[in-house]
Each structure stands twice: as C-alpha cells, then as structure tokens.
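Q: Please take a close look at a single part of this protein. I would like to see how one residue sits among its neighbours, and then how that part fits the wider picture.

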Amino acid sequence: MALSRVCWARSAVWGSAVTPGHFVTRRLQLGRSGLAWGAPRSSKLHLSPKADVKNLMSYVVTKTKAINGKYHRFLGRHFPRFYVLYTIFMKGLQMLWADAKKARRIKTNMWKHNIKFHQLPYREMEHLRQFRQDVTKCLFLGIISIPPFANYLVFLLMYLFPRQLLIRHFWTPKQQTDFLDIYHAFRKQSHPEIISYLEKVIPLISDAGLRWRLTDLCTKIQRGTHPAIHDILALRECFSNHPLGMNQLQALHKALSRAMLLTSYLPPPLLRHRLKTHTTVIHQLDKALAKLGIGQLTAQEVKSACYLRGLNSTHIGEDRCRTWLGEWLQISCSLKEAELSLLLHNVVLLSTNYLGTRR
C-alpha cells in the first residue's frame, strides 16, 4: 500500500510533464524510428551492382600488381640478364604505344583542321617522321609473325639481330651508342665516293668561277678542313641544274642513299623518288626548327637532329652540336626547292671534317 501511494504521488507530481499516453506514444515513435533507421544500414551492407564491379576490379588490379611485383623480384634475383632484357622490352612497348597514341592525335588534329605536314610545329613533324620510320622497320617483324608458331622464331631473331630488327625503344643505352656508331660508319663509307664524283663532274660545269669554287671545296674537304657556309652557298647554281641537279644524279643514287641511311637496294626510279622525298622532309623540318629556335630544343633533341642530318653527335658536346646545327639551318633556309640537291650533298660537305670527326 505504501509503495502504491508513492507511485501515485510521483505520478501526481510529474503527471503534467510525462503522461502515460505520451510515454506510450514516445515508445511507438522510437520503435518506428528504429525500424526506419534499420533500412539504410542494410543498404550499406548490400552494395549496388556498379559498386560491386568497381570494388572487384580494384581488388583484381591490386592483386595483379602484387603478383607482378613478386614476379619481377623473382626474375631479378634468379635471372638478372633476362630480367634486363624483359624490362627493356616492356618499357619499349609502353613507349611505342605512347608514340602511336600521340601520332594518332596529331593526325586527327590535321584532319579536323585541314593542316598539311609542312604546316605542323617542329616537334609534331619530327614525331610523325620518326614514328613512320619505326613502323616501317617493325613491318618486317609483323609479316614474319603471321604464320602459326612463328612468334618463337621472331623472338630468337630479335635477340640475335637487335640492330637490324628492333627500333630504338628496345635498345639498351650501350646498344644505342654502339648502333649509332655502326650506322654512321656505314654512311661515312659513301663520303669518298660522293666527293670523287663531284671532282669528276667539275669539267662539265660551264661557268669557270663555279668550277674553281667546287674544286677548292673538294680540296678543302679532302685535306680535312671544315668548309665555311659561304663556300657551300656559293655553289647553289651548280646544284640547281645540270650536272648536279636532283634529276641528274643517277650515278650517285646508291651512295647518297647510304649517306642518308636509306635503303640502297631499290630500282633507280624509286631511289630518286625516295631521296627527293626524304630531302624535302628535312627541308621542311629545317624551316619549322628555324621558326621554333634551336635554343628551345633539349640536349637529346639537338643530338637527334644533328644525327639525322649527317653528324655523328653521340661523341660531341651539346654546345658544338648546337653550333653545327645552326650552320646547317643557315644553309638550308637559304635554299629553294630547285636547289635541294645541295642540301642532299650537304650531309657530306658539312659533316665530314667538323671538329675532327673525320676518321
């Protein structure tokens, strides 16, 4: 009885604040809100299909990277020489793929804006030229890989003949230096033949002053002297028509092709067409480079530009390469299209004795 009186007294005191009806209603609201809160919790546990796929892909990528890392460490410990080749090959594929994507972007931009090759900036022109050369060299590997099981033979040939079959992306740093030296030695073998031919055609030149200038130029080169720019530009008229014009060089097609590192085992009409096309491309590159400025090029770009134009820049300092490239551009940008035969011969005239490069 006493306990019931206490309860009724407490109810009387707090009745205005908490009534039995409100207490029951509050319990029901909490129960309902608890049910309402339970729904989002289940949605967090059960992800949507897109989130499931995304998490699965992330898991697969993470596991693949971990397995790939273990595989690399295993090769590096147990097969170090093979690991070096494997690493170079994989990096080469990545660089080649990046070059292909960049070339595609350039070609797409040319198509959209109706831009010709000679209207491109220098770096884009050079990238397209180099990528075409790389793809052409890879074409042979692609052809011989078509028959079944021929890929095993291709890998063997790539290992045995990397200079002939692989492009620069798949060469080691030492191979890049050695192979460039080998290629330059090949093109230097044609230099005496070209100089000798120039001496033979001197009597065919009608102008006495031009005959004397060409004789003096050939003598300087044979004595190991690097010719001046004005000595070469003074002969522009000799190389614009007979006997040294672009269409009168049948006897020199093979030697000039070797000097330009082009295939010399083609019929004469194809050799003439390829020499003219290659010289025209270099002339267009020279104009774009003069517009950009040699100072904007990196050291590697300068050395590559010099090597393309006949100078073995692998063993020459950057400053000297820039000086030589400036001389080349001064001559090239002074020539007209009808005088491109002089630019073709300039590969020999300007590079043979530059800073003791003659061997």
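A: What follows starts at one serine and then moves outward to the rest of the chain. Keep in mind that this is a predicted model.

Begin with Ser 190. Where does Ser 190 lie? Ser 190 is found in a loop. That loop runs between two helices, α8 (173-188) and α9 (191-200).

Is Ser 190 buried or exposed? The relative accessible area of Ser 190 is 0%. Buried means under 20%, so Ser 190 counts as buried.

Now look at what the side chain of Ser 190 reaches. One partner is the backbone oxygen of Arg 187, at 2.6 Å. Another is the backbone oxygen of Ala 255, at 3.4 Å. Both distances can be checked in the 3D view: find the side chain of Ser 190, then trace to Arg 187 and to Ala 255.

Next, set aside the neighbours of Ser 190 within four places in sequence. Which residues are then in contact with Ser 190? They are Ala 255, Arg 258 and Ala 259. Ala 255 thus appears twice in this picture: its backbone oxygen is reached by the serine side chain, and Ala 255 is in the contact list as well.

Move on to an aromatic pair. The structure holds 3 aromatic pairs. One of them joins Trp 171 and Phe 179. Their ring centres are 5.0 Å apart, and the planes meet at 85°. That arrangement is edge-to-face. Trp 171 is buried, and Phe 179 is buried too. Phe 179 falls within the range of α8 (173-188), the helix on one side of the Ser 190 loop.

Now turn to a pocket. The second largest pocket has a volume of about 440 Å³. It is lined by 13 residues. The closest to its centre are Leu 85, Tyr 86, Phe 89, Met 158 and Tyr 159. Which helices each supply at least two residues of this lining? They are α4 (80-113) and α6 (150-160). The biggest share comes from α4, with 5 residues. By type, the lining has 11 nonpolar residues, 2 polar ones and no charged ones.

Finally, step back to the protein chain. It has 16 helices and 0 strands. Of its 359 residues, 35% count as buried, and Ser 190 is one of the buried residues. Now take the contacts with a separation of 6 or more. Residues 24 or more positions apart account for 64% of them.

Note on methods. Residues are numbered from 1 along each chain as its sequence is written. This is a predicted model: local features need pLDDT of at least 70, side-chain atom pairs count only at pLDDT 80 or more; totals for chains, interfaces and linings use all residues. Side-chain values use heavy atoms; hydrogens and water are left out. On a 1 Å grid over the protein atoms alone, a cavity is a set of points where a 1.4 Å probe fits but cannot get out, and a pocket is an open set with protein on both sides within 12 Å along at least five of seven lines; lining residues have an atom within 4 Å of a point. Grid points are joined across faces, edges and corners, and a volume is the space filled by probe spheres set on the points. Helices (H or I, at least four residues) and strands (E, at least two) are DSSP runs, numbered from the N terminus. Ala, Val, Leu, Ile, Met, Phe, Trp, Tyr, Cys and Pro count as nonpolar, Asp, Glu, Lys and Arg as charged, and the others, Gly among them, as polar. Buried means under 20% relative accessible area, exposed over 50%, partly exposed in between (1.4 Å probe, protein chains only). A polar contact is a pair of N or O atoms within 3.5 Å; within protein, one must be able to donate a hydrogen and the other to accept it, and residues adjacent in sequence count only if both atoms are side-chain atoms. Contact means heavy atoms within 4.5 Å. Rings of Phe, Tyr and Trp (its six-membered ring) pair if their centres lie within 6.5 Å; planes under 30 degrees apart count as stacked, over 60 as edge-to-face and the rest as tilted.
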